[in-house]
Every structure is written in C-alpha cells, then in structure tokens.
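User: I'm new to reading protein structures. Could you walk me through a few features, one at a time?
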Amino acid sequence: MKSFSFLVMLLSLVTDVSESVPDTPQQVVTKYNNYKTICTGLGYKNTQCNGGRTEGPIVFQSSYRGTLENLKTSQTMKFNQVSLNEGSAYSTSTGKFTAPVDGVYSFSWTTMSNTGKYFITEIVLNGIPIAYNYTDSRGLSTGYCMASSQANIKMKKGDEVWIRPYHNYGQNALCDDKGQWCNFSGFKL
C-alpha cells in the first residue's frame with residue numbers, strides 16, 4: 001500500500017513539475033504542505049539535515065608555554081598556544097571557551113608540577129566550579145607529577161568554560177617552553 005501511495009505522489013509531482021505556467025508562491029507552499037502530509041501519512045518523519053546543525057565541528061586543543069607560578073585565586077589560566085580551534089570557540093586572550101551553540105561539551109585538562117610543588121585547578125562554567133584536578137609533587141624527592149581531569153558539561157549558547165586555580169593553590173605548574181605538559185581541550189558531543 002505504501003508503494004502505491006508513493007507512486008501516486010511521484011506521478012503528481014512529475015505532473016506538477018511539467019506544467020508550463022510557473023506556480024505562485026502560495027501554490028508552492030500549498031503543494032509542499034500537501035506532499036508533507038502525504039509523506040507523514042506514509043510514516044516518514046520530518047527531520048533536519050545534520051541534526052539541525054548548520055555549522056561544522058566545534059573542537060579545540062590548547063597548551064601553555066612557560067611556567068605558571070603563584071596564580072591568584074580565581075585567576076583564569078590563559079593557555080597561550082592553540083594547535084586546533086575549529087569553530088573558533090576558544091580565545092587565547094581570555095583563556096575561555098564560549099559555546100557557539102547549545103549542547104553537551106567534553107573538556108579535559110592536564111597540568112604538571114615540579115618536585116616539591118603542587119598545582120590544584122578547577123574547571124568552571126560561568127564561574128561555577130564543575131570538576132577539579134590535583135597535581136601534587138610535594139612528596140617526591142625527584143621528578144615530576146602530572147594529572148589530568150575530564151568533565152562533560154551541558155552548555156547554552158554564550159556560556160563560558162575556563163580553567164583556574166582552586167582557591168589559592170596555584171603554586172607551580174611546569175609547562176615548559178614548548179607547551180607540551182599543560183593542556184586544555186574540548187569538543188561538542
């Protein structure tokens with residue numbers, strides 16, 4: 001039965017297209033609504049292409065070049081190197097990721113501290129702490145300690161996410177001159 005109905009709809013479409021007199025805008029809308037009703041009746045669902053998204057991927061990868069020492073409470077860590085920023089949602093000047101569209105985003109960040117030092121951070125959404133990262137090398141006689149954390153955060157367009165020291169525990173993060181040990185990245189799920 002669906003095949004016959006579909007054939008009838010196709011034949012009416014061909015007939016409508018083959019007419020020599022162009023349709024008025026109102027006639028086009030009426031025909032569209034009629035076809036939509038027929039397709040819905042056949043069990044087809046009205047969906048948008050690409051899940052309704054019109055933009056491309058949203059993903060960034062940043063790192064910090066240098067050493068972070070004695071950061072103030074709530075001071076934003078500005079990861080100053082960007083190797084990937086599809087969607088241009090991460091800003092090196094502010095250190096913040098701004099959601100270009102509503103959705104769930106996944107973030108991860110890594111810090112490394114030198115022997116006898118520590119660096120405790122948090123990821124915040126519009127200033128509200130969401131998750132923490134604890135890098136502590138105070139018990140080591142030599143070497144370094146590295147820690148990573150990850151958070152999935154539901155965001156609205158315009159919401160901001162950034163990394164900052166937890167209270168006043170931003171004592172020391174060793175990121176080196178290439179920016180390979182302290183990273184902040186994220187993407188839209």
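User: Which residues form a nonpolar patch on the surface?

Analyst: Keep in mind that we're looking at a predicted model. The patch is made of Val-104, Phe-187 and Leu-189, and together they have about 260 Å² of accessible area.

User: Where is Leu-189, and is it buried or exposed?

Analyst: Look in the segment after β11 for Leu-189. A residue counts as exposed when its relative accessible area is over 50%. Leu-189 has 56%, so it is exposed.

User: OK, now strands. How many residues of β5 are buried?

Analyst: Here the cut-off is under 20% relative accessible area. Strand β5 covers residues 103–113, and nine of its 11 residues are buried, so you can call the strand mostly covered.

User: Which way does β5 run relative to β8, and how many bridges join them?

Analyst: They run antiparallel, with 11 bridges joining β5 to β8, the strand of residues 145–155. To find your place along this pairing, look for Tyr-105, which stands opposite Ile-153 in β8.

User: And how many bridges join β5 to β11?

Analyst: Six, and this pair is antiparallel too; β11 spans residues 183–188. Here you can use Ser-106, which stands opposite Phe-187 in β11. You've met Phe-187 already, as part of the nonpolar patch.

User: What should I know about side chains along a strand?

Analyst: In a regular strand they alternate between the two faces of the sheet.

User: Next, disulfides. Which residues does the disulfide join?

Analyst: The general idea is a pair of cysteine sulfur atoms within 2.5 Å. This structure holds one disulfide. It links Cys-175 and Cys-182, with 2.2 Å from S to S. The angle about the S-S bond is -80°, and the link is left-handed.

User: Are those two cysteines buried or exposed?

Analyst: Cys-175 is buried because its relative accessibility is 0%. Cys-182 is buried as well, also at 0%.

User: Last one: phi angles. Which residue in the loop between β2 and β3 has a positive phi?

Analyst: That's Ser-74, in the loop between β2 (67–69) and β3 (81–86). Its phi is about 65°, although Ser-74 is not a glycine. At 37% relative accessibility, Ser-74 is partly exposed.

User: What is the phi of Asn-126, and where is that residue?

Analyst: Phi of Asn-126 is near 50°, again a positive value in a residue other than glycine. You'll find Asn-126 in the loop between β6 (118–125) and β7 (128–136). Its relative accessible area is 41%, so Asn-126 counts as partly exposed.

Methods: Residues numbered from 1 in each chain as written. Predicted model: local features only at pLDDT ≥ 70, side-chain atom pairs only at ≥ 80, totals over all residues. Heavy atoms only, no water. Buried < 20%, exposed > 50% of the residue type's maximum accessible area, 1.4 Å probe, protein only. Helix = DSSP H or I, 4+ residues; strand = E, 2+ residues; numbered from the N terminus. Pairing = 2+ DSSP bridges. Patch = residues over 30% accessible without salt bridge, like charges linked within 9 Å, V, L, I, M, F, W, Y side chains within 5 Å. Areas by Shrake-Rupley, 256 points an atom, 1.4 Å probe, with all protein chains shown as cover. Salt bridge = Lys/Arg side-chain N within 4 Å of Asp/Glu carboxyl O.
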